[in-house]
Amino acid sequence: MTSVIRTSIQYLATFTLVTVFGASHALANGPIGEHVNHLQDNLGEYSEEVSWIIGKVDAMIATYEDKGTKAAKSERLIDFWEEVDFHSAIETNYVPVYASIWQGLYGIKGAIDAGKPIAEVRTEQEKLEQALWQALGAVKLAAKYQQNGLLDKIKTTAGPSTPQAALSEVNQRLDRVVAKYAEKLPQEATDIVHDTYLNLFEGVEGALIEQDASLVEDLEKDFNVTLPKAISAKGTVDQVRAVVTAMQGKIDQAKSLLEQAEKERKDVF
């Protein structure tokens with residue numbers, strides 16, 4: 001039964017990718033390896049990485065079932081995902097399922113941290129696994145397009161000159177998210193959220209982690225889970241604005257941390 005489900009998911013990913021691939025391709029900024037321009041050569045590695053993540057998550061949930069929340073160490077979920085090359089392969093090729101993977105990770109993390117029954121955690125695990133298999137199917141199709149010369153080479157985009165400038169632009173784009181939502185254009189609003197995360201915020205994560213790793217994790221969740229869910233829930237404009245306002249407060253905090261770190265470096269020299 002599981003193999004049938006996975007096959008269906010991969011087929012759906014293949015069908016859907018045909019219609020959205022051009023719009024989501026080559027969005028990312030930050031540490032994107034050259035492997036993304038040689039997808040076919042790396043499909044075996046990506047498949048192994050998906051299986052590795054699934055195994056790690058399953059082991060964590062088993063620990064949770066046997067020993068509880070503290071022993072499970074749910075914070076490692078994000079490390080598992082960001083450690084593998086497959087992370088950037090799907091990030092640069094199929095944004096919708098990339099966001100679904102993040103939502104799956106945080107679904108598991110939230111259930112473990114809240115001490116939910118094991119059945120609920122397993123339900124979140126199934127959602128994550130479906131998203132991962134769907135993502136692998138999408139990357140396989142992208143590899144075929146790439147082999148046939150139908151895709152441009154993936155490049156990082158030229159962003160703002162400083163991390164602080166990038167964060168200022170992030171806040172401006174978040175204002176646009178609210179505006180698009182108010183215009184009853186939820187898909188455009190969601191696209192801006194994903195693009196802002198990939199093109200701007202990811203580029204400053206490295207510098208910001210040195211100052212406040214928990215703040216980075218909070219913002220990753222906001223970009224990939226909280227704000228997209230607020231938009232898809234079709235709530236009021238004020239409800240979406242409240243999420244954005246909270247995010248902008250965190251962005252301002254991040255900007256202040258980077259400015260202080262820069263000032264301290266200059267004082268030293």
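**Helix packing, salt bridges and backbone outliers**

In the predicted model, Val170, Leu174, Val177 and Tyr181 of helix α8 make contact with Phe223, Leu227 and Ile231 of helix α10. The residues that form this contact comprise seven that are nonpolar, with no polar and no charged residue among them. Helix α8 spans residues 163-182 and helix α10 spans residues 213-232, and their axes, which come within 11 Å, cross at roughly 25°. Because angles under 35 degrees are counted as roughly parallel, α8 and α10 are therefore classed as roughly parallel to each other. The crossing in which α8 passes α10 is right-handed.

Charged side chains were examined next. Side chains of opposite charge can pair when their charged atoms come close. Across the whole structure, the search returns eleven salt bridges, one of which joins the side chains of Asp58 and Arg122 with an N to O distance of 2.9 Å. This pair links distant parts of the chain, since Asp58 belongs to helix α2 (residues 39-67) and Arg122 to helix α7 (residues 118-147), with their positions 64 residues apart in the numbering. Asp58, with a relative accessibility of 34%, counts as partly exposed, and Arg122, at 28%, likewise counts as partly exposed.

A further salt bridge connects Asp222 with Lys250, and the closest N and O atoms of this pair are 2.9 Å apart. Here too the partners come from distant parts of the chain, Asp222 lying in helix α10 and Lys250 in helix α11 (residues 237-268), 28 residues apart. The two ends of the bridge fall into separate accessibility classes: Asp222 has a relative accessible area of 8% and is buried, whereas Lys250 has a relative accessible area of 22% and is partly exposed. Salt bridges that share partners also join Asp58, Glu65 and Arg122 into one network.

Within helix α8, a salt bridge is formed between Arg173 and Glu169, for which the closest N and O atoms are 3.1 Å apart. Because Arg173 and Glu169 are four residues apart in helix α8, about one helical turn separates them. Arg173 is buried, as its relative accessible area of 17% falls under the 20% limit for that class, while Glu169, at 27% relative accessibility, counts as partly exposed. When neighbours within four places in sequence are left aside, the residues in contact with Arg173 are Ile192, Asp195, Thr196 and Leu200.

Two lysine residues were noted for their backbone conformation. Lys73 is not a glycine, yet its phi is positive, at about 55°. The position of Lys73 is in the loop between α3 (69-72) and α4 (76-83), and its relative accessibility of 44% places this residue in the partly exposed class. Lys234, also a residue other than glycine, has a positive phi near 60°. Lys234 is found in the loop between α10 and α11, and with a relative accessibility of 72% it counts as exposed, the cut-off for that class being over 50%.

Key. Residues numbered from 1 in each chain as written. Predicted model: local features only at pLDDT ≥ 70, side-chain atom pairs only at ≥ 80, totals over all residues. Heavy atoms only, no water. Axes fitted to C-alpha atoms, helices over the stretch in contact; angles between N-to-C directions. Parallel < 35°, antiparallel > 145°, perpendicular 65-115°, else oblique. Left-handed = near helix turned anticlockwise from the far one by under 90°. Contact = heavy atoms within 4.5 Å. Nonpolar A, V, L, I, M, F, W, Y, C, P; charged D, E, K, R; others polar. Salt bridge = Lys/Arg side-chain N within 4 Å of Asp/Glu carboxyl O. Buried < 20%, exposed > 50% of the residue type's maximum accessible area, 1.4 Å probe, protein only.
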